[in-house]
Structure formats: C-alpha cells, structure tokens
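Visitor: I would like to take a close look at one part of this molecule, and I am curious about how its strands are joined to one another. Could you guide me through that part slowly, and then through whatever lies around it?

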Amino acid sequence: MVSFRRSLAGLCFLTIAFFSCVPQAHAFPAFARKYGLRCSACHVAWPVLNDFGWRFKDNGYQLMNDRDAPIWQNPSYWPVTFRITPNWHRDSTNKVAVDTAGGASSEQQVTGHGFDLSGLDILSGGTLEKNLSFLLVPSADETGAFHFESAWVRLDNVFKSPWLNIKFGKSELDNLVSEKRIYSISGNGGFYNLYHFTPVGDNNFAGQIGDNQLGLEWMGHSLNDHTRLSAMVFSSSDGNVDLTNSNAYSGYFAGSQAFDLGSWGLQRVGAYYFVGEAPTFSLTSGGVPVAGGGRGNKSFYRAGVFGDFYFSKFDVAWYYQHGSDDKYFGTSTPANVALPVGARNPSWNGAFIEPHFTLNPQFIIFQRSEWVRMSQQAIPGTPSNLGDIDAYTFGYRWYPIMTSRAGFAFHNEWSWVRQRGTSPVTSTDLSSNTLFLGFDFDF
C-alpha cells in the first residue's frame, strides 16, 4: 500500500509538472481602454500589480470618479480581454514509468519538445453600476475544454465605507502574492508548489491556496489601501461545482500592512490563516460518488506570513507556510475505517523567495527559489524527507508594446523541480525541467 501511494503521488506530480498549461493570470487591457491608461499604470509589469493597481482592484475596479459607472461609458466599449500564449517548450523528466518487453514497468528519462498552445482566458470585469463590481472568466485548457475560473459580484463601499465590501461567487483567496498574477508560466514554474502541496499518501484535496474557491468574502481596507483585512467562508470543494463531495466549509483570514519608504517604494507584510474541514469519503451509487454525499469530515489548516519589499528597480516577494492535515487525510483513510497503527497528523514547512529586477516598464528579469520540507510524516518510520520539494525558476519578459489597447510579451523561462522519493517504480527522487519560449498576448 505504501509503495502504491508513493507511485500514485509520483504520477500525480509528474502529470502536474509535465502537462500543466499556462495558469490563469488577470491582466486587463479592457480597463486600460476604458480609462485611457497604459497597462503600466496598474502593473509593475503585467500581470503583477503595483500599488496603484492594488488600490484599483480593492476599490472594485474603480478609480472612484464619474467614469466608473457603465452609464458614462462609450456604448461601443466592451469590457472583454482574450489571453493566450503560443509557445515552444522542451520538457524532460528523469524517471517515467514505461512498459518493457516482459510486461513489467521500468523507469526511463523522457524528453519531449515542440510548438504548442497554452490555455485560453476570456476575461470580463468591471462595474455593473457604481460600487457594484463583477468578474467573469471562462477559461479553457489547451484542448478547448472550458470551465469557469472566476465568477463573482461584489458590493463595494457599503454605507460609503471602504471597510465594508462583500463578494459572492467563485474567486481567488485574498493573497498578496497571487498565483493568478505570477510571472512564470511554464508547466514546471507556472504555479507555487507550496500553495498546492500535499504529503505523499495524503488525499486532502481541499487545502489548495492557489485555487479559486466558491464562497462569501468580506474585505476592508484603508483609504490609501495600506491596511487590508479580509475573511472568506467557502465550500471545502476546491472550487468544484454541483456540491461534489461537499458538506463541509473552510475559512480564510488574511491581513497586511504597507509602509512607504519614500524613494525605495511601498513595502508590505502580512499573515494569513486557512482552516477547515473536508470529507474523507463519500456515499456512492453504483460506485459513483453522490453529489452532496461527502461524509467523515476531518480538519486541516495552513498558516503563514508573507511580504513584498521594493528597492527602486529591485523587489523581493517572500512567503512562509506551516501546514498540517488530520491523520485520516495523511493516511488516505476514510473516517469509517480504522487508522493504521501509530498514524499521526502530517505536518510540513515551506517557503519561497522571488526576486524581480525591473530594468524598465518593458523588461523584467525574475527568479524563484522554493522549498517544502516535511516536519512529521503520517506513518512512523517513513523516511523524514519523503515528499520534500526543491524548485527553481529563472526567466525574463520583454514587452515591445505597451498601450491602452493590448498587451504583448516575449517570455523566456527555465524551471526545475525535484521531489524526494516519488518516482513511480523505484520510489527514488523524481525531477523534471522545462525550457519555455512563448509570445504572451492579450487584447
């Protein structure tokens, strides 16, 4: 069983690393067209927001003037943006399970390369009326299979207070270091491993900080947006619809404070706490899980601190997290079945540091180093480093044009990921790397 869980974890990791498409990232030339501004007004380099962009977002995509209400817009204005990234990439994984002539499986290094497409984002957002905001993002993978990445409405400045904003629907967790606004976009580097980490053998699907969630959020901020607080309650379904395996809720609480250091720029630090319960098994009909049939709820939590420090053209984002799952998740055991002897709650610590050098608004160099370390395995005697992750990404983005009509970037990136003890056959270290070149554009 342990060997099977290791193999399954290795295959899941390999699938993510090898076949992941470009993540959804929000950059809206539609807003630039609406207000007659360049993309650089709101972005350090799109899709990452600057201080003005954060205020614009936190005010509900409003500049807080008469042009916010749709009635004052040109009737020909349509708040829609399309984003896709044609690319060439080379992916290599050191240990892939392959069939041999005798019918057994062995491990081989597999490398593939060629021209490709990313997924497609169709982003529509803005105001339905003054202080009534919305965001709708139908999103497709590279095969054209659609889902709704985001779909929410928000009441802004209720009772004319910036401290009372209510959002309802599917949205990103209020995270200063946003995975939806990440610079890197390759299959290996286009997500934060820490946001999606689960220990080997753990089946908790609901603790994904990087995924959009379905729920209700309160968010408040000071007039200058230097102080931000939020709380969200949502279904423990990882954003899946139709009450799939639901009947449990989670909460996410975050706050941050910014400090203006003059010519150095705005520095921000914050903390968050993500806590909830999720089902460990589901009622079935004909072997198929019943909608709303989740049972045996058990708890989990993630807690951490983060920051973003600016030093003129150089800035550094950093993140630390401690996480823990209930031992039923850690051993993939339904709550109506006896636990393995000695089972305990798995826990881990993780961190990343992500420096960026903005040579000018049209050229940015980025790097990320990420580490996840297990502090306690669910089963005593399990190797202490099983599942540990090391990940490194290097790249740059060049924006030859930057107007109020469209965004265009040449993107070049290399990324490498290693996870300890998760190769599919021998349960040794699994590593993969990607070289990615693409044209990232939205209109």
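Guide: Let us begin with one pair of residues, where Asn 349 stands opposite Arg 373 in strand S19. Please keep in mind throughout that this is a predicted model. The two strands concerned, S18 and S19, pair in the antiparallel sense over eleven bridges, and the link from S18 to S19 is a hairpin that runs through two residues. S19 in turn pairs with S20, again in the antiparallel sense, over ten bridges, and here Phe 363 has Trp 398 in S20 as its bridge partner.

It helps to remember a general point about such elements: in a regular strand the side chains alternate between the two faces of the sheet.

From these strands we can move to the nonpolar residues. The largest nonpolar core has 31 residues, and those with the most contacts inside it are Val 177, Tyr 195, Tyr 252, Tyr 272, Tyr 319 and Phe 352. Among the elements that give two or more residues to this core are S18 (347–360), S19 (363–376) and S20 (389–402), while the largest share, three residues, comes from S13. A second, separate core of twelve residues includes Val 48, Ile 364, Tyr 399 and Met 402.

Within the largest core, Tyr 195 deserves a careful look. Leaving out residues up to four places away in sequence, Tyr 195 touches Val 177, Tyr 319 and Phe 352, and its other partners include Asn 175, Glu 179 and Gln 208.

Just ahead of S18 in the chain there is a loop, between helix H4 (327–330) and S18, and Ala 343 is found in that loop. Ala 343 counts as buried because its relative accessible area is 16%, and buried means under 20%. Not counting residues up to four places away in sequence, Ala 343 touches Lys 327, Thr 331 and Ala 378. Asp 141, by contrast, lies 202 residues from Ala 343 in sequence and 38 Å from it in space, C-alpha to C-alpha.

To finish, we can turn to another strand, S7 (residues 132–140), where Ser 133 has its place. Ser 133 is buried, with a relative accessible area of 0%, and its side chain is joined to that of Asp 156 by a polar contact of 2.4 Å. Once its neighbours within four places in sequence are set aside, Ser 133 is in contact with several residues, among them Gly 60, Thr 127, Trp 152 and Arg 154.

Definitions and conventions: Residues are numbered from 1 along each chain as its sequence is written. This is a predicted model: local features need pLDDT of at least 70, side-chain atom pairs count only at pLDDT 80 or more; totals for chains, interfaces and linings use all residues. Side-chain values use heavy atoms; hydrogens and water are left out. A nonpolar core is a set of buried Ala, Val, Leu, Ile, Met, Phe, Trp, Tyr and Cys residues joined through side-chain atoms within 4.5 Å. Buried means under 20% relative accessible area, exposed over 50%, partly exposed in between (1.4 Å probe, protein chains only). Helices (H or I, at least four residues) and strands (E, at least two) are DSSP runs, numbered from the N terminus. Contact means heavy atoms within 4.5 Å. A polar contact is a pair of N or O atoms within 3.5 Å; within protein, one must be able to donate a hydrogen and the other to accept it, and residues adjacent in sequence count only if both atoms are side-chain atoms. Two strands pair if DSSP finds at least two bridges between them.
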